[in-house]
Amino acid sequence: MLSVRHTPRTIARSLATRASAFYTDPANAHDPGVATTPQDITPKQREALSRALRVDQAGEIAANHIYWGQMTVLGRDAKVGALIQRMWDQEKRHLFVMNKLQVQHQARPTILSDVAKATGYGLGVVTALLGKEAAMACTEAVETVIGEHYDDQLKEFESLPTSHPSVPLLRDVIKELRDDELEHLDTAVEQHSQRAPAHALLSTMIGGGCNIAIELCKRF
């Protein structure tokens with residue numbers, strides 16, 4: 001694919017809308033920013049980009065299944081169910097965008113996707129069975145790790161050439177997803193996540209598991 005420069009029209013649109021809309025709106029399907037990948041990057045940069053998208057896609061798969069598991073248990077509660085559903089809907093959007101990015105940048109998906117699905121769903125069910133506060137503690141722990149992870153990626157992506165329109169768009173997408181995840185974290189705390197039984201232990205276990213999953217998905 002040919003390298004395409006970032007046009008003023010693309011820049012203007014990126015300022016006017018959420019970055020993820022470039023991927024969710026079919027009208028943008030042929031925009032160079034969503035349809036091409038930079039060719040003037042080193043093999044090391046390509047591997048870093050592929051590794052990052054592989055981890056992000058796996059993370060969004062797991063997040064969707066966590067909320068699915070929580071909805072299975074808590075979905076009948078009008079207030080809590082609506083809250084979880086709102087966050088789940090955002091995660092569905094995130095996964096849709098990550099699937100598009102994975103194809104666009106020819107990133108190899110993780111071979112652990114089925115593990116992410118099963119583990120995520122199980123975690124969602126178990127924490128929900130422990131009560132609303134434990135379910136929120138799960139969200140708090142997961143989103144803390146993911147927020148930090150997206151921040152690290154933004155620093156890593158600084159080395160990618162901005163001459164190709166997909167790169168500034170990718171950064172904007174990661175910023176948007178990070179902000180959504182941190183919003184979920186804030187929501188969880190507002191919903192008394194820290195009142196969960198053995199909150200510190202639960203947070204440490206879930207956060208540690210997330211970090212292990214990130215490292216595994218980088219490799220596999």
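Let me start with charge. The mean positions of the 24 positive and 27 negative charges of the protein are 4 Å apart. Keep in mind that this is a predicted model, so every value here is computed from predicted coordinates.

Now the overall fold. The protein has nine helices and zero strands. Read from the N terminus, the order of elements is α-α-α-α-α-α-α-α-α.

On dimensions, the C-alpha trace spans about 55 × 35 × 25 Å along its principal axes. The radius of gyration is 18 Å, and a compact globule with 220 residues would have one near 17 Å, so the two agree.

Next, surface and burial. Of the 220 residues, 51% count as buried. The exposed area is about 10,700 Å², and carbon and sulfur atoms supply 60% of that area. As for contacts, take those with a separation of 6 or more: residues 24 or more positions apart account for 83% of them.

Now the salt bridges. How many salt bridges does the count come to? The count comes to 10. I will go through three of them by residue.

The first on my list is in helix H4, which covers residues 43-74. There, the side chains of Glu 47 and Arg 51 form a salt bridge, with an N to O distance of 4.0 Å. The cut-off is within 4 Å, which is worth having in mind for this pair. Glu 47 and Arg 51 are four residues apart in the helix, so about one helical turn separates them. On accessibility, Glu 47 is partly exposed, at a relative accessible area of 38%. Arg 51 also falls in the partly exposed class, at 25% relative accessibility.

Arg 51 has a further partner. Its side chain meets that of Glu 156 in a salt bridge, at 3.4 Å from N to O. This pair links distant parts of the chain: Arg 51 sits in helix H4 and Glu 156 in helix H7, residues 132-156, with their positions 105 residues apart in sequence. Glu 156 is partly exposed, with a relative accessible area of 34%.

The third pair is Glu 215 and Lys 218, whose side chains meet in a salt bridge at 3.3 Å, N to O. Both are in helix H9, residues 199-219, and they are three residues apart, so they too are separated by about one helical turn. Glu 215 is partly exposed at 39% relative accessible area, and Lys 218 is partly exposed at 29%.

Back to helix H4 for the wider arrangement. Salt bridges that share partners join Glu 47, Arg 51, Arg 54 and Glu 156 into one network.

One last residue, Asp 56. Where is Asp 56 placed? Asp 56 is in helix H4. It is buried yet has no salt bridge. Which side chain of opposite charge is nearest to Asp 56? That is Lys 218, 9.4 Å away. A salt bridge needs a nitrogen within 4 Å of a carboxyl oxygen, and this is the same Lys 218 that pairs with Glu 215.

What does Asp 56 touch, leaving out residues up to four places away in sequence? The contacts are Met 98, His 149, Tyr 150, Gln 153 and Ile 174.

To recap, the protein has nine helices and zero strands, the salt bridge count comes to 10, and Asp 56 is buried without a salt bridge. That is what I have.

How values were computed: Residues are numbered from 1 along each chain as its sequence is written. This is a predicted model: local features need pLDDT of at least 70, side-chain atom pairs count only at pLDDT 80 or more; totals for chains, interfaces and linings use all residues. Side-chain values use heavy atoms; hydrogens and water are left out. Helices (H or I, at least four residues) and strands (E, at least two) are DSSP runs, numbered from the N terminus. Buried means under 20% relative accessible area, exposed over 50%, partly exposed in between (1.4 Å probe, protein chains only). The radius of gyration is taken over C-alpha atoms; the globule rule is 2.2 Å times the number of residues to the power 0.38. Contact means heavy atoms within 4.5 Å. Accessible areas come from the Shrake-Rupley method with a 1.4 Å probe; for residues, only the protein chains shown count as cover. Lys and Arg count as positive and Asp and Glu as negative; His and the chain ends are not counted. The place of a charge is taken as NZ of Lys, CZ of Arg, CG of Asp or CD of Glu.
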